[in-house]
Amino acid sequence: MNEKFETHEHDVLIIGAGGAGLRAAIEALGHGASVAVVCKSLLGKAHTVMAEGGIAAAMANVDAADDWRTHFRDTMRGGKFLNNWRMAQIHAQEAPDRVRELEQWGALFDRTSSGDILQRAFGGHTYKRLCHVGDRTGLEMIRTLQDRGVHLGIDVYMECAVTRLLKDGDRIAGAFAYWRETGRFVVFKAKSVVMATGGIGKAWRITSNSWEYTGDGMALAYEAGAELIDMEFVQFHPTGMVWPPGVQGILVTEAVRGEGGILRNKEGERFMERYDSEKMELSTRDVVARAIYTEVREGRGTEHGGAYLDISHKPAEYVKRKLPSMYHQFRELADVDITQGPMEVGPTCHYMMGGIRVDAETAQATVSGLFAAGEAAAGLHGANRLGGNSLSDLLVFGKRAGAAAAEHAKRSTPVNIEAADVEKAAREMLEPFERAAGDSPYQIHRELEELMQNYVGIFRNEEDLQKGLAALDQLQQRAAGVKVEGSRLFNPGWHLARDLKSMLTVAEAVALSARERKESRGAHSRIDYPKYDETWAKQNNVIVRDGDRMRLKQTPIDEMAPDLRKIVDV
Amino acid sequence: MSANATFNIFRGDRLGGELKEYEVPVAPGMVVLDALHYIQGHAAPDLAVRWNCKAGKCGSCSAEVNGKPRLTCKTRLDDLPLAEAVTVQPMKSFPVIKDLVTDVSWNYRVNRKIPPFHAPESVEWKMDQRDVDRVQEFRKCIECFLCQNVCHVLRDHSKQEQFGGPRFFVRVAGLEMHPLDDVSRTHLLKDELGIGYCNITKCCTEVCPEDIHITDNAIIPLKERVIDDYYDPVRWFLRKLKGKNNGA
Ligand SMILES: Cc1cc2nc3c(=O)[nH]c(=O)nc-3n(C[C@H](O)[C@H](O)[C@H](O)COP(=O)(O)OP(=O)(O)OC[C@H]3O[C@@H](n4cnc5c(N)ncnc54)[C@H](O)[C@@H]3O)c2cc1C
Ligand code: SF4
Ligand code: SF4
Ligand code: FES
């Protein structure tokens with residue numbers, strides 16, 4: 001081991017302090033492990049805090065007919081049957097208990113008239129299923145988990161960014177990171193590592209995601225040899241803000257439609273009739289996003305290139321009570337009073353269905369000692385995620401990952417970290433300071449966002465994807481030569497230089513997988529292959545590292561268990 | 001709207017620093033955080049700024065804009081007098097790390113002192129929406145720490161060791177008024193969080209971006225509780241019992 005760097009040793013290292021990471025930490029601690037959580041931002045600021053609409057669980061508090069089977073069926077249908085069905089089953093079965101547990105740890109949900117947790121309608125869910133707290137469900141969730149975790153005794157290393165996973169032969173041995181405040185390096189030694197790092201939305205120009213969403217977990221796991229799966233499936237949420245320019249992409253929660261919001265084009269036509277006359281505004285996100293995009297492209301968009309979303313037919317007091325943060329967001333940032341008139345909305349890059357390939361029961365990745373949960377992991381959502389299924393995913397699989405990681409650590413012999421690996425990780429971080437010339441990381445990032453927006457967006461075709469891949473190749477070369485200014489003290493430019501590498505790796509995985517899947521399914525729409533294809537119904541794209549190259553392969557989807565098949569065939 | 005705006009931004013670290021001038025092109029609806037990002041992307045790549053949601057939901061982007069504590073992601077340029085330079089400085093009550101980033105770790109240490117939620121065994125998990133509504137106000141807090149920044153007990157008198165600050169009175173109120181909570185935090189309020197130091201100036205309430213009525217709805221009722229419980233412990237017991245019945 002290297003004595004030069006600050007080193008911390010724990011049984012389980014959890015990278016990420018969102019819902020998935022915190023739930024995993026609480027569980028691992030309960031299994032007797034010593035647990036560290038690292039995160040890039042301050043504690044409580046992860047994406048989970050921004051979640052608005054709610055958490056999906058078949059509690060049947062509002063619609064008594066709901067049960068896990070219906071939730072399972074909805075999830076599989078929403079995901080166009082590419083989902084890992086075992087994960088979808090576990091998720092539907094365990095989500096209600098995870099919500100109750102959260103309540104017992106102090107989360108306060110809105111109530112029904114009989115005093116139970118209130119549930120609201122959301123796209124693709126047959127019944128009213130989303131447990132919520134107005135439109136700030138994620139805040140309630142993360143505070144509850146954060147306080148419980150801290151009081152149980154997890155060690156939190158905040159504003160500490162992991163830049164590399166460390167291995168001992170074929171197994172995970174820990175991670176290399178740096179303190180953002182001082183720029184000093186730090187080594188974490190651990191027998192188990194849980195990736196709970198979230199998504200990759202920052203690779204697109206129009207996005208609801210924060211600076212943290214640079215695909216680190218996926219890229220680090222890939223570099224360490226883990227497989228990524230379903231990378232072509234990027235969710236564009238139908239309703240982001242479109243005006244003014246500075247707020248473009250900021251999310252307008254689906255709860256607006258869940259509470260009765262109506263979509264219209266500039267001619268006043270309720271256009272969802274033409275795309276899904278049955279579910280209308282509450283169709284799945286892939287369908288609604290494409291519908292809005294098509295309306296705009298065909299000249300029926302609003303002044304700023306979106307669609308109108310209107311909830312002003314509901315009583316103003318009701319809107320303010322059920323959608324308070326939307327009310328404030330539009331009033332303060334766009335000068336629009338949503339109780340009086342419509343909002344302008346358009347698609348925004350929102351969520352990554354793909355990610356680290358994991359085992360359904362244990363959340364273990366394809367590298368020994370590595371686990372993944374939450375948005376960084378893949379499988380549950382298939383080709384398209386239903387709203388509300390992420391928050392439940394975080395709890396269900398965060399818990400499982402934490403338990404499995406703790407048990408793995410118990411069974412493992414001590415790990416060893418090679419000094420040479422640590423030196424290499426440190427050198428990689430310092431190089432950008434030493435270059436005499438080079439692009440600014442911000443310049444490369446702007447070009448990446450533009451490229452992904454234009455070539456790897458909602459609608460795709462062979463030519464664009466080829467162009468995108470060629471441009472990515474060029475950007476990767478330039479990114480390897482970026483120059484950083486200033487010192488190591490809290491330096492966002494320096495940080496971005498490292499984030500770029502992760503973003504570019506993940507962007508390449510997305511574009512490669514998208515080019516390969518010659519069909520349209522869920523969030524992946526190929527203009528040149530607009531239909532479902534039988535062959536592609538039966539396989540997932542898998543990305544794996546092969547020396548210094550990225551390799552794409554296909555793996556068949558397991559035959560669904562007969563009892564589950566019966567449920568979805570209804 | 002004018003084409004350009006001038007920003008004077010604090011650049012420096014624990015050892016000191018100064019205001020530096022930057023020019024930023026103005027777009028409609030632009031907020032101060034957009035301007036900071038523009039400066040990062042074009043003039044000062046190492047400008048240290050915290051942010052996450054860009055929509056007033058995470059409480060990361062607090063700073064002092066023209067001397068007023070604000071969320072920079074919710075401060076519109078068209079609400080500022082752009083004829084003069086806009087000054088952006090870090091929150092004054094916390095030690096500077098670099099530029100606009102301050103060391104807020106003290107807040108996390110205070111939070112650790114507060115006993116978490118606990119419900120009586122075998123409680124039925126039923127609650128009335130009206131009881132829930134009463135506490136939701138406190139639970140909206142996004143931990144921007146702007147209230148901590150303006151409170152004179154911390155800002156001018158540096159009572160960090162004796163005083164928890166408005167944020168944590170809000171937090172305690174969110175727990176104490178939870179319909180099913182059965183823990184008493186009045187000793188904590190009095191002895192560890194020093195609620196007595198608050199002399200109800202309401203500066204905290206004025207800056208809260210979540211419009212939480214910190215003083216009227218959290219601090220004053222908590223002060224009353226401290227007095228009640230101090231002189232009449234039976235009342236605490238009755239209140240908790242009542243809360244439980246309300247919920248059932
Ligand atoms: C605006 C918005 C609204 C949403 N609303 C809903 C909703 O209503 N219902 C729903 O189900 N879903 C919703 N989602 C989706 C859902 O919020 C996210 O998918 C989910 O919160 C992700 O949680 P997570 O635990 O996987 O990751 P996050 O909460 O994003 O946490 C990721 C963590 O990883 C850390 N991290 C990342 N990289 C590194 C690194 N290199 N080193 C150290 N730490 C690192 C980060 O600092 C962070 O702590 C919404 C998303 C957004 C953006
Ligand atoms: S009301 Fe009390 S807590 Fe609020 S700023 Fe004044 S002294 Fe501080
Ligand atoms: S109470 Fe208001 S001002 Fe204080 S930290 Fe919370 S949101 Fe910020
Ligand atoms: S960036 Fe989240 S509150 Fe401003």
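A polar contact is a pair of N or O atoms within 3.5 Å. The exercises below use this cut-off where needed and concern a predicted model.

**Exercise 1.** Determine which polar contacts ligand 1 makes with A:Ala20, A:Glu52 and A:Ser390, and how much of its area the protein buries.

*Solution.* Begin with the backbone: a nitrogen atom of ligand 1 is 3.3 Å from a polar backbone atom of A:Glu52, which is within the 3.5 Å limit and therefore counts as a polar contact. An oxygen atom of the ligand is 3.0 Å from a polar backbone atom of A:Ala20, and turning to side chains, an oxygen atom of ligand 1 is 2.9 Å from an N or O atom of A:Ser390. Taken alone, ligand 1 exposes 1,000 Å², of which the protein buries 98%.

**Exercise 2.** Identify the element of chain A that gives the most residues to the shell around ligand 1.

*Solution.* Among the elements that each supply at least two residues are helix H1 (19-30), strand E14 (343-352) and helix H11 (389-411) of chain A. Of the contributors, H11(A) gives the most, with 4 residues.

**Exercise 3.** Work out which strands stand at the edges of the open sheet of 5 strands in chain A.

*Solution.* The order is E17-E15-E10-E20-E21, with mixed pairing. Strands E17 (377-378) and E21 (549-556) of chain A each have a single partner strand, so one side of each is left without a neighbour in the sheet. For E21(A), the pairing with strand E20 (residues 539-546) of chain A is antiparallel over 8 bridges, and A:Arg551 in E21(A) is the bridge partner of A:Val544. Helix H15 (residues 492-516) of chain A lies across both E20 and E21 of chain A, running at about 45° to E21(A).

Notes. Residues numbered from 1 in each chain as written. Chains lettered and ligands numbered in written order. Predicted model: local features only at pLDDT ≥ 70, side-chain atom pairs only at ≥ 80, totals over all residues. Heavy atoms only, no water. Pairing = 2+ DSSP bridges. Contact = heavy atoms within 4.5 Å. Axes fitted to C-alpha atoms, helices over the stretch in contact; angles between N-to-C directions. Polar contact = N/O pair within 3.5 Å; in protein donor to acceptor, adjacent residues only side chain to side chain. Areas by Shrake-Rupley, 256 points an atom, 1.4 Å probe, with all protein chains shown as cover.
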